[in-house]
Amino acid sequence: MTISRRMLIAMLAVSAFSPMAFAKPPKKLLIVTVTKGFRHGDSIPVAEKVLGELAAKNGNFTVDYVRDDAEMAQKMTMEALKNYDGVFFASTTGELPLPDKEGFLKWIASGKGFVGAHTASATLPAIPQYIEMIGGEFKTHGAQVDVECLVEDMKHPATKGLGKSVTVFDEIYQFQSYDRKAFHGLMTLDKHPNTKEPGDYPIAWCKRYGKGRVFYTALGHRPDVWQKPWYQEHVLGGILYALGLAKGNDTLPKR
C-alpha cells in the first residue's frame with residue numbers, strides 16, 4: 001500500500017503534537033554509598049536495590065551509583081556532575097574524598113537536588129558549609145526503639161501519605177548544629193526517643209540551599225525499614241521534591 005504525500009504529512013503532524021513529542025527526559029540521580037566511618041553493611045545494599053526499583057517504577061528519574069573512591073573520583077568531578085540533576089547520600093559517613101568539596105556544594109546551590117538518609121548527617125563533619133546545607137549534624141543515638149513520628153506537613157510529597165503519624169522501630173538520631181528555623185520540618189518527635197522526656201527531636205525536613213532543594217530523613221538504619229512501603233514512599237517523595245518533579249512547601253518558620 002502506497003501512502004500519499006498528504007497522508008504522510010498528516011501523520012507526521014499528529015506525531016509531532018502527541019504527548020510523547022513533548023515528554024521531558026528523565027532526571028538523573030547519583031546514589032552515593034561511600035563510607036569513611038561506620039558502614040551500614042546490611043542496609044546499604046538494600047537501599048541501593050530499593051532506590052533502583054523506585055526509579056524504574058516511577059520513570060521520571062534514573063539512577064547511577066558511586067560505591068567506592070574510584071567511582072567518586074570519576075563521577076563527582078565538576079565536569080562529571082554536569083551529567084546529573086541531583087545526588088542521594090544513602091548512609092554515607094566521614095570525610096568523603098570528593099574531588100572538589102566547595103565546588104560540590106556550589107553545584108547543589110546552583111539549582112540541583114540533594115537527598116540524604118540516616119548517616120548523611122554524619123558525613124563531612126569538618127565542612128561547616130555541608131552541615132549548613134543538609135540542615136543538621138549527627139550528635140548521638142540510643143538503643144533502637146519504637147517511636148511515633150509526628151507528621152508536620154501532611155501535604156509535602158515526602159509525607160503526604162503518612163497520615164498524622166507513623167510508628168517505626170529504628171535507630172533514632174539526635175542532632176547538634178541545627179536551627180529549627182533554618183529548615184521546613186516534615187516529621188518530628190515530641191519526646192526523647194529513649195527516655196521519653198518531652199522535647200523537640202526532628203526526624204525529617206526539607207530546605208532550600210541557594211537555588212537547590214534539600215531533603216533529609218534520619219530514618220533508614222535498618223534494612224527492614226528500607227523495605228517498608230511507607231518508607232519507600234517517604235524517600236520517593238523526597239527525591240521527587242529535590243529533583244523538582246513534585247512541588248513541596250519549603251518555607252521556613254517565622255523568626
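## The hairpin of strands 10 and 11

In this predicted model, strand 10 and strand 11 form a hairpin. Two residues lie between the strands. One residue in the turn is glycine 210, and its phi is positive, about 65°.

The two strands pair in the antiparallel sense. Six bridges hold the pairing in the model's strand record. Cysteine 206 stands opposite phenylalanine 215 of strand 11.

## Strand 11 and its other partner

Strand 11 also pairs with strand 4. Here the sense is parallel, and the pairing covers five bridges. Glycine 113 stands opposite arginine 213 of strand 11.

How many of the six residues of strand 11 are buried? Five are, so the strand is largely enclosed by the rest of the structure.

## Strand 9 between strands 6 and 10

Strand 9 spans residues 184–191. Six of its eight residues are buried, so strand 9 too is largely enclosed by the rest of the structure.

Strand 9 pairs with strand 10 in the antiparallel sense, over six bridges. Strand 9 also runs antiparallel to strand 6 (residues 145–151), and two bridges join them. Threonine 188 takes part in both pairings: leucine 150 has threonine 188 as its bridge partner, and threonine 188 has proline 202 of strand 10 as its partner.

## The hairpin of strands 9 and 10

Strand 9 and strand 10 form a hairpin with six residues between the strands. Lysine 196 lies in this loop. Its phi is near 70°, a positive value in a residue other than glycine. Is lysine 196 buried, partly exposed or exposed? Lysine 196 is partly exposed, because its relative accessible area is 39%, which falls between the 20% and 50% cut-offs.

## Helix 4 and its cover

Helix 4 covers residues 101–109. Its buried residues are Gly103, Phe104, Leu105, Trp107 and Ile108. What covers them? The cover includes strand 3 (86–90), strand 4 (113–117) and helix 5 (128–134). Strand 10 (198–209) and strand 11 (212–217), the pair from the opening hairpin, also belong to the cover.

Both ends of helix 4 have a feature to look for. Aspartate 100 caps the N-terminal end. One of its side-chain oxygens lies 3.4 Å from the backbone nitrogen of glutamate 102. Just after the helix comes glycine 111, with a positive phi of about 130°.

## Serine 91, before helix 4

Serine 91 sits in the loop between strand 3 and helix 4. Its phi is positive, about 60°, although serine 91 is not a glycine. Serine 91 is buried, because its relative accessible area is 2%, under the 20% cut-off.

## Two lysines, two settings

Lysine 75 belongs to helix 3 (residues 69–75). Is lysine 75 buried or exposed? Lysine 75 counts as buried because its relative accessibility is 15%, and the limit for buried is under 20%.

Which side chain makes a polar contact with that of lysine 75? The partner is aspartate 64, at 3.0 Å. Aspartate 64 is also one of the contacts of lysine 75 beyond four places in sequence. The others are Leu30, Tyr65, Val66, Ala80, Leu81 and Tyr84.

Lysine 247 is found in the segment after helix 7 (229–242). Lysine 247 counts as exposed because its relative accessibility is 83%, over the 50% cut-off. Lysine 247 and proline 157 are 90 residues apart in sequence. In space, their C-alpha atoms are 7.3 Å apart.

## Helix 2 against helix 7

Helix 2 (residues 44–58) packs with helix 7 at an angle of about 65°. The two axes are 11 Å apart. The crossing is right-handed.

Which residues make the contact? Helix 2 supplies Val50, Leu51, Leu54 and Asn58. Helix 7 supplies Gln232, Val235, Leu236, Ile239 and Leu240. By class, seven of these residues are nonpolar and two are polar. None is charged.

How values were computed. Residues numbered from 1 in each chain as written. Predicted model: local features only at pLDDT ≥ 70, side-chain atom pairs only at ≥ 80, totals over all residues. Heavy atoms only, no water. Buried < 20%, exposed > 50% of the residue type's maximum accessible area, 1.4 Å probe, protein only. Helix = DSSP H or I, 4+ residues; strand = E, 2+ residues; numbered from the N terminus. Contact = heavy atoms within 4.5 Å. Polar contact = N/O pair within 3.5 Å; in protein donor to acceptor, adjacent residues only side chain to side chain. Pairing = 2+ DSSP bridges. Axes fitted to C-alpha atoms, helices over the stretch in contact; angles between N-to-C directions. Left-handed = near helix turned anticlockwise from the far one by under 90°. Nonpolar A, V, L, I, M, F, W, Y, C, P; charged D, E, K, R; others polar.
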